[in-house]
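Student: I'd like a close look at one part of this protein: the salt bridges and the residues that form them. Could you walk me through them?

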Amino acid sequence: MAEEKREFQAEVAKLLDIVVHSLYSNKEIFLRELVSNASDACDKLRYAALTDPALVEGDADYRIRLVPDAAAGTLIIADNGIGMNKDDLIANLGTIAKSGTAEFMSRLTGDAKKDMTLIGQFGVGFYSAFMVADKVIVVTRKAGEQHGWRWESDGKGEFTITPEPEAARGARITLSLRDGEKEFLDAPRLTGIVKRYSDHIAIPVVLVEGDKEETLNSASALWTRPKSEVTPEQYKEFYHHVAHAFDDPWLTIHTKAEGAIEYTSLLYVPGSKPFDIFHPDRKHHVKLYVKRVFITDEAEGLLPPYLRFLRGVVDSQDLPLNVSREMLQHNPVLAKMKSGLVKKVLSELKKKAEDDAGAYATFWETFGAVLKEGIYEDYERKGDILPLCRFQTTEASGWTTLDEVVGRMKEGQEAIYYATGDDLAALKRSPQLEGFLAKGIEVLLLTDPIDEFWVPAVGEVQGKTLKAITEGDVDLSKVRGEDKAEADKPEAAPADALDTLIAALKLTLGDKVKDVRASDRLTTSSVCLVAESGQMSIHLEKLLKAHRQLDQDFPRVLEINPRHGLIKGMAAKVKASGREAIDDMALLLLDQARIVEGEPPADPVEFARRLATVMEKGLA
Ligand code: ADP
Ligand code: MG
């Protein structure tokens, strides 16, 4: 069979170009990445061999070997792990399968410095080899297969694949070091790098020089060591390995549970948001080990989706080693571990929130939207999750808690009010808020899409329920607010004229609205739209339509401000000249209310025609 030439996926080619042409300040991390991959490959094979021991026949002694060759200018990183066949090579070393890659790539600017910081967060994994090598050769044979393959590339857009019948099981990666990178042939330099970044690797990393072999790392699983013997640096490097991440963890939780069930867990909350955190599969990313043997990173029942930002490992003493991934569904031991882990994580978050509000705010801004899913998904833990939630409001300058908001409630205020919308700036200007602001009533400002879903699940907080400011039956008259300007509020339209106007508006607007009402919700605006109690909120309707999950219109309640000049004028006009005199204006009022909600007028052409007519009359 001859050599086969292939092109890298466009994203990979772009990534390689940046990696090679940017001065990465920390080139030595290439070794951490390759050792990390080798260790993963050994973990995978160890698991596969549990059910198929023939896979490791003759060589069950896992190790990673580093072989520098000064004469040839090459460094070899070799493992006897699972290896790759041809399809694996093409998929793993020719493309980037990570979700969110396309989005990530679109954020690259072409400015090397900025892009490098971004890539630092994303991680280049295997491709980091090209930072120090101008040619990379991978010779590999997949465990259980007869023949091996050779993958070769100079990182410039193409790679070749050739059969390599004699290849040993696992992967052997040969780097032809660039001029200027020969330091990575020095034994002390290699030793230093491995100790610094890869000491936690549970498989021996062996430096081979001639017939001398030296193990460079501790080669014991980090999570099995006592806390007092692990340095912060080691915790951090293990995080980089286990999470395939490049940032620093925000929180590290290392615990041993002993009792009815026994397990060790080393969990991390990342410092920055993973690209795929809102991927629809909502999978968590914590690896399950049984007695130090890697089992799977897809044990669905291990953690709930609302903690999917966690990274790390859980190592069970109780599960059988030959547990299959299928057996893990509905497994009672797994369910108990889950419950223990959730409890532990929530209590650690609580501690952090109490000890360092500033640091907690960073966490909240990164993962709050995910954690909030737990309010409606985990009924049992709702009471633990709610106090961990932080909110922006009309009164607080930073983040605040629900309890604090309740503490600031006004006399006579029956509900905790909230407003939902796409962004804070627009929310703060919404007309429905005016009456609340005038009375100094605090309103939660909710801008995450998830907010529409958890709010109904909250129930009561200190005996108070949550209520949308856009609900039809909000009554602010009972609240003793500050009402700074109660005395100098403008006069309202006379009651009989107002009634006539409302009747006229109802007639003209027909089934375009659910109702027309006078409101004390407004101070400076003339009109707004609100939802009938129990009706879907306007913001949710918009969200669902944007996701094509709804194609139906719900008529809303049009509220009018009886103290507004326009409304007073219209009331007088109807009384004097009859309904027809305000027909155009009535429809314009409704469109205006829609526009303020961020929606287009019902019929833009008609809207423009009416507006022109009314303006023309204004000039007369
Ligand atoms: P990641 O490790 O985050 O998946 P990498 O770019 O480091 O990304 O590696 C890509 C993939 O290539 C790995 O997921 C693995 O499937 C494969 N791979 C890399 N190195 C090896 C190896 N030494 N043995 C077997 N497979 C490997
Ligand atoms: Mg990797």
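Tutor: Happy to! Let's begin with a term we will need: a residue is called buried when its relative accessible area is under 20%, exposed when that area is over 50%, and partly exposed in between. By that scale Lys 545, with a relative accessible area of 28%, is partly exposed. Please keep in mind that this is a predicted model.

Lys 545 has a partner in Glu 541: their side chains form a salt bridge, with N and O 2.7 Å apart. The two ends of this pair sit in unlike surroundings, since Glu 541 has a relative accessible area of 6% and is therefore buried, while Lys 545 at 28% is partly exposed. Both belong to helix 17 (residues 538–546), and because they are 4 residues apart there, about one helical turn separates them.

Now for a pair that reaches between helices. Arg 609 makes a salt bridge with Asp 584, and the closest N and O atoms are 3.9 Å apart. Arg 609 is in helix 20 (residues 604–619) and Asp 584 is in helix 19 (residues 583–596), so this pair ties together parts 25 residues apart in sequence. The cut-off matters here: a salt bridge needs a side-chain nitrogen of Lys or Arg within 4 Å of a carboxyl oxygen of Asp or Glu, so the 3.9 Å pair counts. As for accessibility, Arg 609 is partly exposed, with a relative accessible area of 40%.

A third pair joins Glu 183 to Arg 189, again as a salt bridge with 2.7 Å from N to O. Glu 183 is partly exposed at 33% relative accessibility, and Arg 189 is partly exposed as well, at 27%. This pair also belongs to a wider arrangement: Glu 28, Glu 183, Arg 189 and Arg 196 are linked in a network of salt bridges. Over the whole structure, a search finds 46 salt bridges.

For contrast, it helps to look at acidic residues outside such pairs. Glu 7, Asp 134, Asp 154 and Glu 158 form a negative surface patch. Patches are made of residues with over 30% relative accessible area and no salt bridge. Glu 158 has a relative accessible area of 37%, which makes this residue partly exposed, and its place is in strand 6 (residues 158–164).

So what should you keep from this tour? Lys 545 and Glu 541 pair within helix 17, Arg 609 and Asp 584 pair between helix 20 and helix 19, and Glu 183 and Arg 189 take part in a network with Glu 28 and Arg 196.

How values were computed:
Residues numbered from 1 in each chain as written. Chains lettered and ligands numbered in written order. Predicted model: local features only at pLDDT ≥ 70, side-chain atom pairs only at ≥ 80, totals over all residues. Heavy atoms only, no water. Patch = residues over 30% accessible without salt bridge, like charges linked within 9 Å, V, L, I, M, F, W, Y side chains within 5 Å. Areas by Shrake-Rupley, 256 points an atom, 1.4 Å probe, with all protein chains shown as cover. Lys, Arg positive; Asp, Glu negative; His and termini not counted. Charge placed at Lys NZ, Arg CZ, Asp CG, Glu CD. Helix = DSSP H or I, 4+ residues; strand = E, 2+ residues; numbered from the N terminus. Buried < 20%, exposed > 50% of the residue type's maximum accessible area, 1.4 Å probe, protein only.
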